[in-house]
Amino acid sequence: MNLFVVGLNHRSAPVEVRERVAFAKSGLDEATRSLLGAASLHEAAILSTCNRVEIYALAGSAADAAGAVRRFLHGHHKLSDSVDAYLYEHRDDDCIQHLLEVACGLDSMVLGETEILGQVKEAYHTAQQAGATGVVLNRLFQKAFAAAKHIRSTTAITRGSTSVGAVAVDLAEKIFGKLGKCTVMVIGTGDMSEATARALQSRGAGAILVCSRSQERAEALAGQLRGRAISYDQWPDEFPAVDIVISSTAAPHPIVTTEKLVPLMKTRRQRALFLIDIAVPRDIERACGEVENVYLYDIDDLQGIARSNRAAREREIAACQALITQHRQRFADWLGNNRTAIEERYRARPANTGFADPAHTHAL
Amino acid sequence: MITDRTYLWLAQAFYAVSCLITVRRLRTGGGGPGSQRTNYIVMAIGFVLHTTFLYLRGRHLGRCPLTNLFETQAFAAWAAVLFFLLIGPSYRVSFLGAFTAPLVLLICLAALISPIDVPHTQTLARSAWVEFHAAIAIVAYGAFALAFVTSAMYLLQERQLKTRRLTSSFLLLPSIEQLDVIHFRLLIMGFAMLTVGMVGGMISYRIVGHWPTPKIVWAAAVWVLYGTVVLARGMWSVRGRKVAVMSMASFAFMLIGFWGVNLLRP
């Protein structure tokens, strides 16, 4: 009896391949049931996200079943050419290790990201609903969730934002606390300024004002962000009410200077002001950052912080691996101790037909 | 032998544990909301022991325990912890305890170690006004002590944001706007109580018929200083760093004067 995983991820396969083998959420339970039958598996679960497609399974012999799972993958997606070269396979201890790493975000594109844990939970619940999991996978997934929680709380693997937008949000929260009362002004439209504004919005930022040399583009972006477009010449008039400025114009010279800023700070009664300059060449004079209660960050500053946060996460990998080893060992021991009983049980009922009885799934 | 001082020593042990928790949090670069709760509970136990000391001393004296410098210092530190316990959870100010515990520990240990716990020799004027004005003024000092603490946190955070050098302890500090608002509230509370204490003082001195000049000059100076800070923040829209520096300077002046006036007292 073997545990194994067959799959591909963002490292092993390009997106063109990943999208072809991805499972639609709507048909996932159906697919899981047909997988059980097709590959004569005792238990199975399919994890399908934009960065990975993985099939976790328990079978009498991985040597036979893994090949069947590969064939199922090709057949189910009606692939005309083979994707075998992109697939990896881990068995027993390596399979346990792999799931733990995935659940903890160690195998993710953004190291330590936490969204993956929710996706793994969802995949498990779908498989469980389809009746495809049993004593082994139930326990394995539960232990993986516990391990992820343990590692998240005792190491710094999830700490510090690693993208420019998220770093900007962190800084905004360090300055203003809750962002609900903050007004954001976007000067100049662009992907980066939109992403940053969205990041602030997703954390509760209040009103959004957009202005651009092109009124048309300003209105388009304002529409997308459910904000208000203002004319380019009017931004100094709106300034007193603004708390956060995201600037990304194509202007060759700074558009915000200390000369302009100092009198404006008086009109806003010296309330704190956060200036985010993501334009190159820069839109905001560097000296504006020296003005009292003004906090200025340009694109290099934000990227620098994101980079150092990534480096800090990488330094935590060893600590995470040490904990993962403990959790893996504990599960492997349990599996070893109960192997005979589990094999006995599955011998009486060779393949899970997809409708495992509750006693069968929850015993042990 | 167990005396009332024993309880004050025990309270210090808990404040010291709170300091150690902070050091550990800084080392590991965090330690979630759990360790913050632990810290709060440790401080609360310290506070109960601290209160026990004041109660026993007060019962022994048959009056508010403010008869010598030792008792006054212990009382002021107690007021600071009281404000921390009140403000900490309601504003969800993370890390406030980390700055409060060392300050309180310093003030109390200085009081416990130095030979200032001597019974007052002069017969003390028994007047409810005398006790009331002293007690409320000391509670005001507690509020100012916590204003000092929030100002220090503000300046630390502001420096990191300005220089764009963010350390891991940065993540634990509350936002500067939040600190600015809490700081202002503490200032207003402290200033209001100090004003009441001053008025009470004037009434009590009229009753007692004795005017301790240096103390009055000092108290008036503290009142003017803090009044200026409150006005600057509230009316003249001075914000942020300047207010924090003014508040810390006022506290330093108050502390020096406090020891000066009390130690030089005949």
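Trainee: In helix 4 of chain B, which residues are buried?

Mentor: Burial is judged by counting neighbours: a residue is called buried if 20 or more other C-beta atoms lie within 10 Å of its own. In this predicted model, the buried residues of helix 4 of chain B begin with B:Leu96, B:Gly97, B:Ala98, B:Phe99, B:Thr100 and B:Ala101. Further along helix 4 of chain B, B:Leu103, B:Val104, B:Leu105, B:Cys108 and B:Ala111 are buried as well.

Trainee: How many residues does helix 4 of chain B have, and what span does it reach?

Mentor: One compares the span with an expected rise of 1.5 Å a residue. Helix 4 of chain B, residues 96-113, has 18 residues and reaches 26 Å from first C-alpha to last, close to the expected 26 Å.

Trainee: What surrounds this helix in the chain as a whole, in terms of helices and strands?

Mentor: Chain B has 8 helices and 0 strands, and along the sequence its pattern reads α-α-α-α-α-α-α-α. Of the 266 residues in chain B, 41% are buried. Among contacts in chain B with a separation of 6 or more, 81% are between residues 24 or more positions apart.

Trainee: How is chain A divided?

Mentor: A domain may be assembled from separate stretches of sequence, as chain A illustrates: domain 1 comprises 2-157 + 316-362, while domain 2 covers 164-310. The C-alpha centres of these two domains of chain A are 44 Å apart.

Trainee: In what order do the strands of the open sheet in chain A stand?

Mentor: A sheet is read across its strands, and that order need not follow the sequence. Here the open sheet of 4 strands in chain A has the order 2-3-1-4, with antiparallel pairing. Strand 2 (43-48) and strand 4 (88-91) of chain A are the edge strands, each pairing on one side only. On average, neighbouring strands of this sheet are turned by 15° against each other, direction ignored.

Trainee: How many bridges join strand 1 to strand 4 of chain A?

Mentor: Strand 1 (residues 2-9) and strand 4 of chain A run antiparallel and are joined by 4 bridges. Within strand 4 of chain A, A:Arg91 stands opposite A:Phe4.

Trainee: Which strands does helix 2 of chain A lie across?

Mentor: Helix 2 (residues 28-39) of chain A lies across strand 2 and strand 3 (52-59) of chain A, and runs at about 140° to strand 2 of chain A.

Trainee: What is the phi of A:Ser40, and where does this residue lie?

Mentor: The sign of phi deserves attention in residues other than glycine. Phi of A:Ser40 is positive, near 45°, and the residue lies in the loop between helix 2 and strand 2 of chain A. A:Ser40 is partly exposed, because 15 other C-beta atoms are within 10 Å. A:Arg226 also has a positive phi, near 55°, in the loop between helix 9 (215-224) and strand 7 (228-229) of chain A. A:Arg226 is exposed, because it has 9 other C-beta atoms within 10 Å.

Trainee: Which residues does a cis peptide bond join in chain A?

Mentor: Omega identifies such a bond: it is about -5° between A:Val280 and A:Pro281. A:Pro281 is found in the loop between strand 9 (273-277) and strand 10 of chain A.

Trainee: How many residues does each chain bring to the contact between chain A and chain B?

Mentor: Chain A provides 18 residues and chain B 17. Helix 7 (164-176), strand 10 (294-298) and helix 12 (299-315) of chain A each supply at least two residues of the side touching chain B. The largest share, 4 residues, comes from helix 7 of chain A. By class, this side of chain A has 7 nonpolar, 4 polar and 7 charged residues.

How values were computed: Residues are numbered from 1 along each chain as its sequence is written. Chains are lettered from A and ligands numbered from 1 in the order in which they are written. This is a predicted model: local features need pLDDT of at least 70, side-chain atom pairs count only at pLDDT 80 or more; totals for chains, interfaces and linings use all residues. Domain bounds come from an automatic or database domain assignment. Two strands pair if DSSP finds at least two bridges between them. Axes are lines fitted to C-alpha atoms, for helices over the stretch in contact, and angles run from 0 to 180 degrees between N-to-C directions. Two residues are in contact if their C-beta atoms, placed from the backbone, lie within 7 Å. Ala, Val, Leu, Ile, Met, Phe, Trp, Tyr, Cys and Pro count as nonpolar, Asp, Glu, Lys and Arg as charged, and the others, Gly among them, as polar. The expected span of a helix is 1.5 Å times one less than its number of residues. A residue is buried if 20 or more other C-beta atoms lie within 10 Å of its own, exposed if 12 or fewer, and partly exposed in between; C-beta atoms are placed from the backbone.
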